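Please open the model in your viewer and keep the sequence panel beside it. The stops below each begin with something to select and then say what is there.

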Amino acid sequence: MPLRVVLDTNIVLSALVFGAGRLAWARQAWQRRRFVPLVCRDTVDELLRVLAYPKFKLTAQEQQDLLGDFLPHAETIALPAQWPALFSKLPACRDGKDQIFLVLAQAARADALVSGDADVLALRDAFAGKIWTADELAAALRPRLDIAPG
């Protein structure tokens with residue numbers, strides 16, 4: 001059974017946009033079902049917004065192609081409409097925009113939330129679930145990987 005993980009936007013973006021970069025292995029791993037990325041409407045909206053940043057100089061077609069390399073491999077989780085109240089006992093992230101990743105990880109009962117964001121990583125001790133760096137995900141997947149992280 002593959003690990004079910006929430007990837008923050010920066011992890012997904014790095015794996016998609018920088019195909020020869022440090023996280024290229026993650027893209028290959030989700031495509032080969034070594035793990036299943038978990039998404040919800042809010043996290044997909046955030047990814048769409050970030051892919052459209054002018055600094056990436058991606059055409060609309062390139063953005064769609066990148067989404068096509070990610071979304072078909074992801075499991076979509078429907079969060080309850082009243083999720084802020086239901087998940088009020090979660091630790092509060094300094095950057096409120098990152099709170100959705102904690103909520104998604106909790107709601108989906110994810111094996112881990114993977115982030116490179118210092119605001120999220122600062123909650124490792126306070127969050128009931130696992131918060132990993134990309135390197136820690138790679139280490140957990142190492143027995144399942146036939147690709148070289150890194």
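A residue is called buried here when its relative accessible area is under 20% and exposed when that area is over 50%. Please keep in mind throughout that this is a predicted model.

**The whole chain**

Begin with the entire protein chain in cartoon view, where eight helices and five strands can be found. Followed from the N terminus, these elements come in the order β-α-α-β-α-α-β-α-α-β-α-β-α. The radius of gyration is 15 Å, close to the 15 Å that the globule rule gives for 150 residues, so the chain is as compact as a globular protein of that length. If you align the view with the principal axes, the C-alpha atoms fill a box of roughly 40 × 35 × 25 Å.

Next, colour the chain by burial: buried residues account for 45% of the 150 residues. The accessible surface amounts to about 8000 Å², and 52% of that belongs to carbon and sulfur atoms. Selecting the charged side chains brings up 18 positive and 17 negative ones, with the centres of the two sets 3 Å apart. Of the contacts between residues at least 6 apart in sequence, 66% join residues that are at least 24 apart.

**Strand β1 and the loop after it**

Select Val6, which belongs to strand β1, and note that Val6 is buried, its relative accessible area being 0%. Which residues does Val6 touch, not counting those up to four places away in sequence? They are Leu38, Phe101, Leu104, Ala105, Ala110, Ala112, Leu113 and Val114. If you also draw a distance from Val6 to Ala128, which is 122 residues away along the chain, the C-alpha atoms turn out to be separated by 14 Å.

Now move to Asp8, in the loop between β1 and α1. Is Asp8 buried or exposed? With a relative accessible area of 4%, Asp8 falls under the 20% cut-off and is therefore buried. Beyond its neighbours within four places in sequence, Asp8 is in contact with Phe101, Val114, Ser115, Gly116 and Asp117. The C-alpha atoms of Asp8 and Val120 are 9.2 Å apart, while 112 residues separate the two in sequence.

**Helix α4 and the loop before it**

Select Lys57, in the loop between α3 (41-51) and α4. Lys57 is exposed, with a relative accessible area of 71%, and its phi is near 55°, a positive value in a residue other than glycine. Most residues other than glycine have a negative phi.

Continue to Gln63, which lies in helix α4 (residues 60-68). Gln63 is buried at a relative accessible area of 16%, and its contacts, leaving aside neighbours within four places in sequence, are with Leu51, Ala52 and Leu58. Add Leu66 and Leu67 to the selection, as these residues of α4 are buried along with Gln63. Looking down the axis of α4, you will see its buried residues within an arc of 100°, so they line one face of the helix. The elements that cover these buried residues include α1, α2 and α3.

**Two loops later in the chain**

Select Arg109, in the loop between α6 (99-108) and β4. Arg109 has a positive phi of about 55° although it is not a glycine, and at 70% relative accessibility Arg109 counts as exposed.

Then go to Phe127, in the loop between α7 (118-121) and β5, where the relative accessible area is 6% and the residue is buried. Apart from its neighbours within four places in sequence, Phe127 has contacts with Leu90, Pro91, Leu102, Ala105 and Gln106. Leu90 is 37 residues from Phe127 in sequence, and their C-alpha atoms are 6.8 Å apart in space.

**Helix α8**

End the tour by selecting residues 134-141, helix α8, in which Ala134, Leu137, Ala138 and Leu141 are buried. Seen down the axis of α8, these buried residues fall within an arc of 100°, so they line one face of the helix. An α-helix has 3.6 residues a turn, so residues three or four places apart point the same way. What do the buried residues of α8 pack against? Show β1 (3-7), α1 (9-17), α2 (24-31), β2 (35-39), β4 (112-114) and β5 (131-132) to see their packing partners.

Definitions and conventions. Residues numbered from 1 in each chain as written. Predicted model: local features only at pLDDT ≥ 70, side-chain atom pairs only at ≥ 80, totals over all residues. Heavy atoms only, no water. Helix = DSSP H or I, 4+ residues; strand = E, 2+ residues; numbered from the N terminus. Rg over C-alpha atoms; globule rule 2.2 N^0.38 Å. Buried < 20%, exposed > 50% of the residue type's maximum accessible area, 1.4 Å probe, protein only. Contact = heavy atoms within 4.5 Å. Areas by Shrake-Rupley, 256 points an atom, 1.4 Å probe, with all protein chains shown as cover. Lys, Arg positive; Asp, Glu negative; His and termini not counted. Charge placed at Lys NZ, Arg CZ, Asp CG, Glu CD. Arc of directions from axis to C-beta.
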